[in-house]
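Here's a quick look at one strand and its partners, plus one helix-helix contact. Have the model open while you read.

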Amino acid sequence: MCPITTNAAGYGDDDAERKHEAVSVIVFPGGFNWPIWAAQKNGYFERNGITVTLTPTPNSVFQLTSLIDGKFDIAMTAIDNVVAYNENQGEAPTIAKPELIAFMGGDNGFLRLVTVPEVKTYADLKGRQLSVDALTTGYAFVLRKLLEENGLASTDYELVKAGGVVERFESLCRNEHSGTLLISPFEVLAEAQGFNRLANAVDQLGHYQGVVGATRRVWAKQHERELVAYIRGYLSGLDWLFEPANKHEAILLLRSKLPNMSEHLASKSYDILLDPQKGFSRKAELNLEGVRKVLSLRSEYGNPRKYLNDPSKYLELRYFEMARAAS
């Protein structure tokens, strides 16, 4: 069965007595939250004095506007979203002025171009619709670049907004659109249903910074202890996942959060997301070359047009260094 559900109980497993400082995190649903789930399961956040609640977002607009307007403390989001809203190129207006920072890395985006079964080549996409989260996000720019470098002009296809990765995945399953960029492990589920993977984005584009930990600059200054605690808990979750002895338990954890995933597909997801070279950033470090690639694509496709070439404008890594020093 193609549609996938997430376990709502996996978001917001609070201590009943609220003994710790609460930190609210808004995320896209999916296996890329595995390090956070691992940290929650093993009490790593509580060990550092905080309780983390997760809220799934339906799309990047809701996530970023809610973060900027102070409804959440932290977002695990594409660094392109940080850049876009700081540069007034975001998809939607915000009440507060966007002053976002990326404080740690996460992954390379795990972006896979997946198409309906009858589309087997880029040429087959001519005259068809492809779905994106939002037309002005970096992942849409990645898709445009992939299509361009494989012989398709912008007039050869149509991009339509369909929401976050879960919404795009389910839209693809219903054949409402002919292709989209999925994020691992959703391509594993799609391929099991006969859909085709045309490309892994990083294989064609090279270094690319995908998900990062992001927050408001003022919140970070006012909640330094909580932010450092979050980073430490996340790093401990990563360490637990990468420990081979925990593989079976990690797969059980993933399946508890993604109930429709079989053991076989969960094992394949483990191999993808925990690949030592291409999986999660092993120590949650930011890839500066990958950030520069994000800025290059935004310089090419963003509106209003701006030449962006300084990663440091969007980064504040001292909290990350404090967390690593304290570990």
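What follows covers a strand first and a pair of helices second.

Keep in mind that this is a predicted model. Let's start with strand 8, which spans residues 179-183. Of its 5 residues, 5 are buried, so the strand is largely enclosed by the rest of the structure. Look at the side chains and you'll see two sets: Gly179, Leu181 and Ile183 point one way, while Thr180 and Leu182 point the other way. Both sets are buried.

So who does strand 8 pair with? Strand 5 (residues 111-115) runs antiparallel to strand 8, and strand 6 (residues 129-132) runs parallel to it. Here are the two pairings:

| Partner of strand 8 | Sense | Bridges | A bridge pair |
|---|---|---|---|
| Strand 5 (residues 111-115) | antiparallel | 5 bridges | Val114 with Thr180 |
| Strand 6 (residues 129-132) | parallel | 2 bridges | Ser131 with Thr180 |

Thr180 is worth clicking on: Val114 has Thr180 as its bridge partner, and so does Ser131.

Now for the helices. At what angle do helix 5 and helix 13 pack? Helix 5 (residues 138-149) and helix 13 (residues 288-301) pack at about 80°, and their axes are 10 Å apart. Angles from 65 to 115 degrees count as roughly perpendicular, so helix 5 is roughly perpendicular to helix 13.

On the helix 5 side, the contact involves Gly138, Phe141, Val142, Arg144, Lys145 and Glu148. Helix 13 brings Leu297, Arg298, Glu300 and Tyr301. By type, the residues of this contact split into 5 charged, 4 nonpolar and 1 polar.

Terms used
Residues are numbered from 1 along each chain as its sequence is written. This is a predicted model: local features need pLDDT of at least 70, side-chain atom pairs count only at pLDDT 80 or more; totals for chains, interfaces and linings use all residues. Side-chain values use heavy atoms; hydrogens and water are left out. Buried means under 20% relative accessible area, exposed over 50%, partly exposed in between (1.4 Å probe, protein chains only). Helices (H or I, at least four residues) and strands (E, at least two) are DSSP runs, numbered from the N terminus. Two strands pair if DSSP finds at least two bridges between them. Axes are lines fitted to C-alpha atoms, for helices over the stretch in contact, and angles run from 0 to 180 degrees between N-to-C directions. Angles under 35 degrees count as roughly parallel, over 145 as roughly antiparallel, 65 to 115 as roughly perpendicular and the rest as oblique. Contact means heavy atoms within 4.5 Å. Ala, Val, Leu, Ile, Met, Phe, Trp, Tyr, Cys and Pro count as nonpolar, Asp, Glu, Lys and Arg as charged, and the others, Gly among them, as polar.
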